[in-house]
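Got the model open in your viewer? Let's take a short walk through it, one selection at a time.

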Amino acid sequence: MWHTDNMRVFVPLLLRDLQAERILATEIVTATYPQGKAHPDEVEQAEYDACLDASLASLELIRDRWDEEPVKRRTVAVAEVDAVDEEAENGYYEIGWDKLRAIFIDDDDACDLITGICLLTDQDRADEAVYDLVENHPLIWFDASERIEVSNLK
């Protein structure tokens, strides 16, 4: 186990996962920065990087399930936990919603681009579209109390 006083984890999800009984994910991303007293800028950059990595993992979840369930918004849950097992138990990390601190979701403008990414078969074009998504469509922050409301976005 990794132990900290509070560990911030970034969890890639599908939008519908926000309606589950608890956060259930196959992957989590943690912010890494120097131990001890990290400069606030280092913490901010590390958390930005972790959120970005989780958003790309969410995009992979979307693309992997596109034929079954086309979802058009990357979703990242941010939680504060005491510790995280290095390996998921039974293939899943389970985190209670009481640990949720924020949610990041794509805005309406990103939906068409995500659809295009999921339908592309040319890797170079897909890479360019993902770059465009990351550079020009930052995720929107939502408070944890808005979880159910934002889970109903289309």
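Start by selecting β1 (2-13), α1 (40-64) and β6 (100-105): each of them supplies at least two residues of the lining of the second largest pocket. Keep in mind as you look around that this is a predicted model.

Now colour α1 on its own. With 6 residues, α1 gives the largest share of that pocket's lining.

Next, zoom in on the middle of the pocket. Which residues lie nearest the centre of the second largest pocket? Select Tyr-48, Cys-51, Leu-52, Phe-104 and Leu-139, and you have them. The whole lining runs to 18 residues, and the second largest pocket holds about 340 Å³ of space. Try colouring the lining by class: you'll get 11 nonpolar, 2 polar and 5 charged residues.

Time to leave the pocket, but keep α1 selected and add helix α2 (residues 108-119). At what angle do α1 and α2 pack? It's about 60°, and their axes are 9 Å apart. That angle falls under 65 degrees and is not under 35, so α1 and α2 count as oblique to each other. Turn the view until one helix lies in front of the other, and you're looking at a right-handed crossing of α1 and α2.

Last stop: show the side chains where these two helices touch. From α1, pick Leu-59, Ile-62 and Arg-63; they meet Ile-114, Ile-117 and Cys-118 in α2. Sorted by class, the residues of this contact are 5 nonpolar, no polar and 1 charged.

Terms used. Residues are numbered from 1 along each chain as its sequence is written. This is a predicted model: local features need pLDDT of at least 70, side-chain atom pairs count only at pLDDT 80 or more; totals for chains, interfaces and linings use all residues. Side-chain values use heavy atoms; hydrogens and water are left out. On a 1 Å grid over the protein atoms alone, a cavity is a set of points where a 1.4 Å probe fits but cannot get out, and a pocket is an open set with protein on both sides within 12 Å along at least five of seven lines; lining residues have an atom within 4 Å of a point. Grid points are joined across faces, edges and corners, and a volume is the space filled by probe spheres set on the points. Helices (H or I, at least four residues) and strands (E, at least two) are DSSP runs, numbered from the N terminus. Ala, Val, Leu, Ile, Met, Phe, Trp, Tyr, Cys and Pro count as nonpolar, Asp, Glu, Lys and Arg as charged, and the others, Gly among them, as polar. Axes are lines fitted to C-alpha atoms, for helices over the stretch in contact, and angles run from 0 to 180 degrees between N-to-C directions. Angles under 35 degrees count as roughly parallel, over 145 as roughly antiparallel, 65 to 115 as roughly perpendicular and the rest as oblique. A crossing is left-handed if the near helix is turned anticlockwise from the far one by less than a right angle, and right-handed if clockwise. Contact means heavy atoms within 4.5 Å.
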